[in-house]
Amino acid sequence: MRPQRTNNGLLCTTAAAALALLLTACGPSQPAIQGTTEPAPGSTTPSTQVAPETSAPPSSSASPAQSQPATTSAAPQSTAAGAQLCKASGLKATTDATGGGAAGSVYMELILTNSGKASCHLKGFAGVSLTTGPNGQPIGAPAQRDTSVAVQDVLLAPGKSGTAVLRYTQAGNYPDCTKTAAAGFRIYPPEDTASLFVARPSDACSNASIQLLSIGAFQAR
């Protein structure tokens, strides 16, 4: 009888184990918990979305020349409200020899006066020559420029004058001078081809190599 009891016990144990295994296989499976936290009540579950791309600021399509402020070149302004250079037709010429002389030379002022109705500019050096008369030909060498005084831009209102130092060297100072009688000075205003005449009888040298005259730049009087 003992072996039969043992067999019955073994059968019961085997049957119980088989039943437990069957119940385990048929039961619902539980998801494994891997340390994740559930969202709090009322919170939304984050979804896997692609973040919107940030658009770069629009690039300027203007060329470098357009992006920079345009520069305009101003037209040159006329000097002294459009005053022009003084011309012989609007000037009167005189000389003043009260300046005296030295070493055989006579220093005088050449005076040009604005005889017109509008202001004009007198700037630079006059052309000066000894001549036989108002309509005569120049005699000898023209005046040499004396640059010891700086050039000025002299604005002459109507009736106003500008002056320049004119030096005349006596012809007798030159033994080789071929003397010729001169009636006065022919005066060319700066940058003008027309001339004025100032009567002043004196001796001239027809030798072009002899320099009897020198002229300075015009200054305001």
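Of the contacts in the protein chain with a separation of 6 or more, 76% are between residues 24 or more positions apart. The model described here is a predicted one. Its protein chain contains 2 helices and 14 strands. Of the 221 residues in the chain, 29% are buried. The chain exposes about 15,300 Å², and carbon and sulfur atoms supply 56% of that area.

A good place to begin a tour of the strands is an open sheet of 3 strands, ordered β1-β5-β9, in which the pairing is mixed. Its edges are formed by β1 (84-85) and β9 (153-156); each has a single partner strand, so one side of each is left without a neighbour in the sheet. Strand β5, covering residues 120-123, runs antiparallel to β9 and is joined to β9 by 4 bridges. Within this pairing, lysine 123 is found opposite aspartate 153 of β9.

Another open sheet has 4 strands in the order β7-β6-β11-β12, and here the pairing is antiparallel. The edge positions belong to β7 (138-139) and β12 (196-205), and because each of these has a single partner strand, one side of each is left without a neighbour in the sheet. Strand β6 (residues 127-131) and β11 are paired in the antiparallel sense, with 5 bridges between them. Leucine 130 faces a partner across this pairing, standing opposite phenylalanine 185 in β11.

Leucine 130 also appears in the lining of the largest cavity, together with Ile139, Gly140, Ala141, Ala204, Cys205, Ile210, Leu212 and Leu213. By the rule applied, the model has 1 cavity of 30 Å³ or more, and the space in the largest cavity comes to about 40 Å³. Its lining consists of 8 nonpolar residues and 1 polar residue, with no charged ones. The polar member is Gly140, because glycine is counted among the polar residues in this classification.

Strand β13 can be followed next. This strand spans residues 213-216 and includes serine 214. Both of its faces are covered: Leu213 and Ile215 on one side are buried, as are Ser214 and Gly216 on the other. Serine 214 has a relative accessibility of 11%, and it counts as buried because that value is under the 20% cut-off. Leaving out residues up to four places away in sequence, serine 214 touches Ala143, Gln144, Val165, Leu166 and Arg167.

Two pairings of β13 help to place these contacts. Strand β8 (residues 144-146) pairs with β13 in the parallel sense over 3 bridges, and glutamine 144 stands opposite serine 214. Strand β10 also pairs with β13 over 3 bridges, but in the antiparallel sense. Leucine 166 has isoleucine 215 as its bridge partner in β13.

The loop that follows β10 offers a last stop. Tyrosine 174 lies in this loop, between β10 (161-169) and β11 (179-188). With a relative accessible area of 28%, tyrosine 174 is partly exposed. Apart from neighbours within four places in sequence, tyrosine 174 is in contact with Thr169, Ile210, Gln211 and Leu212. Tyrosine 174 and isoleucine 210 are 36 residues apart along the chain, and their C-alpha atoms are separated by 8.0 Å. Two of these contact residues, Ile210 and Leu212, are also among those that line the largest cavity.

Notes
Residues numbered from 1 in each chain as written. Predicted model: local features only at pLDDT ≥ 70, side-chain atom pairs only at ≥ 80, totals over all residues. Heavy atoms only, no water. 1 Å grid on protein atoms, 1.4 Å probe; cavity = no way out; pocket = protein on both sides within 12 Å on 5 of 7 lines; lining within 4 Å. Points joined across faces, edges and corners; volume = space filled by probe spheres on them. Buried < 20%, exposed > 50% of the residue type's maximum accessible area, 1.4 Å probe, protein only. Contact = heavy atoms within 4.5 Å. Areas by Shrake-Rupley, 256 points an atom, 1.4 Å probe, with all protein chains shown as cover. Pairing = 2+ DSSP bridges.
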